[in-house]
Amino acid sequence: MRHSWIVFVACVLASSSSGAQRQAGAQAAVTVIRAGTLIDGASDTVRRNQLILVRGDRIERVGDGAASMPAGARVIDLSDATVLPGLIDAHTHIFLWGENPDKGGYDVNILKAGISLRAARATFACRRALEQGFTTLRDVETEGAGYGDVEIKQAIAEGTIPGPRLFVSTRAISTTGGYNLEGYAPELEMPKGAQLVDGPVEARKAAREQLDHGADWIKVYMTHRSWVDNAGNLVAQPTLTVEELKAIVDEVHGWRRKVACHAYNGIGLQRALDGGCDSIEHGLEITDAQIAQMVKQGTWYCPTLAPYYHDWAPENTPEGRRDRKRAEVHGASVQRAVKAGVKIVFGTDMGGIEWTEPIAQEFPYLVQFGLTPMAAIQAATSRAADMLDLKGEIGVIAPGAYADVIAVSGDPLKDIKALERVRFVMQNGNVFRQTP
Ligand SMILES: [Zn+2]
């Protein structure tokens with residue numbers, strides 16, 4: 001069905017393209033951005049006084065500030081700003097509205113909000129991301145909101161609501177005993193925040209269903225509960241087996257898509273690597289042997305430091321000890337992964353963190369744990385684009401790329417927090433935000 005539709009559209013485009021369309025292309029709006037400082041997202045060097053020529057939704061040319069400008073071009077003067085590519089957050093949940101225990105925790109997301117309220121909140125989240133300069137998100141599951149992310153993506157693509165380019169992963173997959181809601185009377189059939197499967201056959205079937213309904217990525221949970229044991233070590237309950245994960249990975253790779261694995265540490269993280277996952281999410285505690293395996297297999301690492309420095313339970317309670325231990329091991333793991341050359345992408349777990357908070361708060365943690373400010377910016381631009389198979393198309397200011405362009409006041413290489421103060425956002429050649 002979908003195939004024949006594409007063929008139909010292609011025919012219509014082909015039949016009308018020769019004359020009228022080519023003319024429309026030549027007449028597409030031309031904008032010139034004058035960049036005082038340019039960080040292009042890919043190169044390690046900064047350039048001064050650059051002109052970025054945007055035609056339609058793409059960047060056509062990047063050159064010296066003295067270059068001539070096409071007549072009639074609209075000029076956007078950012079000569080007092082640092083210009084960067086639109087940012088990419090590779091780990092968000094647009095359908096999650098915080099997990100603060102004082103506000104009812106995770107469970108009220110599902111128990112106290114119907115699908116319309118959840119869609120409205122997701123719409124808010126998308127606008128928030130875009131106004132902060134995040135022009136692309138990899139959204140890693142809807143937390144019980146089914147295939148809502150596919151439809152929010154559609155609403156953005158058709159221009160109904162503003163929002164970033166979305167890569168969606170729909171329902172996510174875990175096992176029986178491997179996801180919320182839990183802790184209710186066993187007689188009650190509670191809804192779950194992920195699709196639960198047991199055995200390789202069910203695992204593959206769930207992946208097929210999710211891909212069929214529009215998942216760009218498949219998200220799996222390789223660990224669930226975590227606590228500190230008597231010896232003071234962080235322990236995480238493993239969920240899917242290697243056989244179950246391999247069935248999913250085999251299916252998803254056949255569709256030329258990728259698998260993101262939520263994995264804290266230990267057995268579950270090892271199974272994620274042995275099962276061939278493409279990205280480790282969180283990766284709170286990774287051993288040197290596991291880091292070596294990630295380098296060898298080319299596994300992406302999406303740490304999420306900020307949420308683990310948030311909302312710690314009181315000290316000297318089991319939860320308080322767990323929260324402090326998680327932060328302690330996470331920072332150390334990122335440090336060792338950076339040294340070993342693991343491919344790191346920027347992710348925040350926004351949604352777990354409330355959407356009213358700044359997304360860029362993750363940057364200072366990445367810098368604290370070993371990335372240079374430039375590498376941290378690249379983790380949220382060209383590196384993430386590479387993981388999303390859009391290298392050269394997003395996450396970079398270069399000819400041929402989509403015109404996703406942002407600007408901040410100040411120098412983020414000296415003060416990484418400057419990335420929290422985005423004052424200009426262009427997406428696909430359209431200005432979404434421009435403040436003095
Ligand atoms: Zn998450």
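Which residues does arginine 118 touch, not counting residues up to four places away in sequence? View 2 has the list; here is the whole chain to begin with.

**View 1. The whole chain, a predicted model with 12 helices and 19 strands.**
Residues are numbered from 1 along each chain as its sequence is written. Since this is a predicted model, local features need pLDDT of at least 70 and side-chain atom pairs count only at pLDDT 80 or more, while totals for chains, interfaces and linings use all residues, and side-chain values use heavy atoms, with hydrogens and water left out. Helices (H or I, at least four residues) and strands (E, at least two) are DSSP runs, numbered from the N terminus. Measured out along the principal axes, the C-alpha atoms fill a box of roughly 70 × 50 × 40 Å. A compact globule of 436 residues would have a radius of gyration near 22 Å, and the chain agrees with its 22 Å; that radius is taken over C-alpha atoms, and the globule rule is 2.2 Å times the number of residues to the power 0.38. Of the 436 residues, 53% count as buried, where buried means under 20% relative accessible area, exposed means over 50%, and partly exposed is in between (1.4 Å probe, protein chains only).

**View 2. Arginine 118 in helix 3.**
Here's the answer to the opening question: arginine 118 touches Phe95, Asn109, Ile110, Ala113, Thr142, Glu143, Gly144 and Ala145, leaving out residues up to four places away in sequence. A contact means heavy atoms within 4.5 Å. Helix 3 spans residues 115–131, and arginine 118 is buried there, with a relative accessible area of 4%. One of its partners, threonine 142, sits 24 residues apart from arginine 118 along the chain, with 9.7 Å between the two C-alpha atoms.

**View 3. Glutamate 143 and aspartate 311, two residues with positive phi.**
Glutamate 143, one of the residues that arginine 118 touches, has a positive phi of about 55° even though it isn't a glycine. Look for glutamate 143 in the loop between strand 6 (134–139) and helix 4 (148–157). Aspartate 311 isn't a glycine either, and its phi is about 45°; this residue lies in the loop between strand 15 (300–302) and helix 9 (318–340). Buried or exposed? Glutamate 143 is buried, at a relative accessible area of 2%, whereas aspartate 311 is exposed, at 59%.

**View 4. The zinc ion and its donors.**
His91 (NE2), His93 (NE2) and Asp349 (OD) coordinate the zinc ion at 2.1 to 2.3 Å. Donors are N, O and S atoms within 2.8 Å of the metal (3.2 Å for Na, K and Ca), and water is not among the atoms, so sites may look incomplete. Along the chain, the donors follow the spacing H-x1-H-x255-D. Histidine 93 is in the loop between strand 5 (87–92) and helix 2 (107–111), and aspartate 349 is in the loop between strand 16 (343–344) and helix 10 (362–368), so this pair ties together parts that are 256 residues apart in sequence. Both histidine 93 and aspartate 349 are buried.

**View 5. Alanine 129 and proline 164, in contact with each other.**
Back in helix 3, you'll find alanine 129, which counts as buried at 0% relative accessibility. Apart from neighbours within four places in sequence, alanine 129 is in contact with Phe134, Leu137, Pro164, Trp355 and Ile359. Alanine 129 and threonine 356 are 227 residues apart in sequence but 9.8 Å apart in space, C-alpha to C-alpha. Proline 164 lies in the loop between helix 4 and strand 7 (165–168) and is buried too, at 1% relative accessibility. Beyond residues up to four places away in sequence, proline 164 touches several residues, including Cys126, Leu130, Ile156 and Gln427.

**View 6. The cis peptide bond from asparagine 180 to leucine 181.**
Omega is near 5° for this bond. Leucine 181 has its place in the loop between strand 8 (173–175) and strand 9 (195–197).
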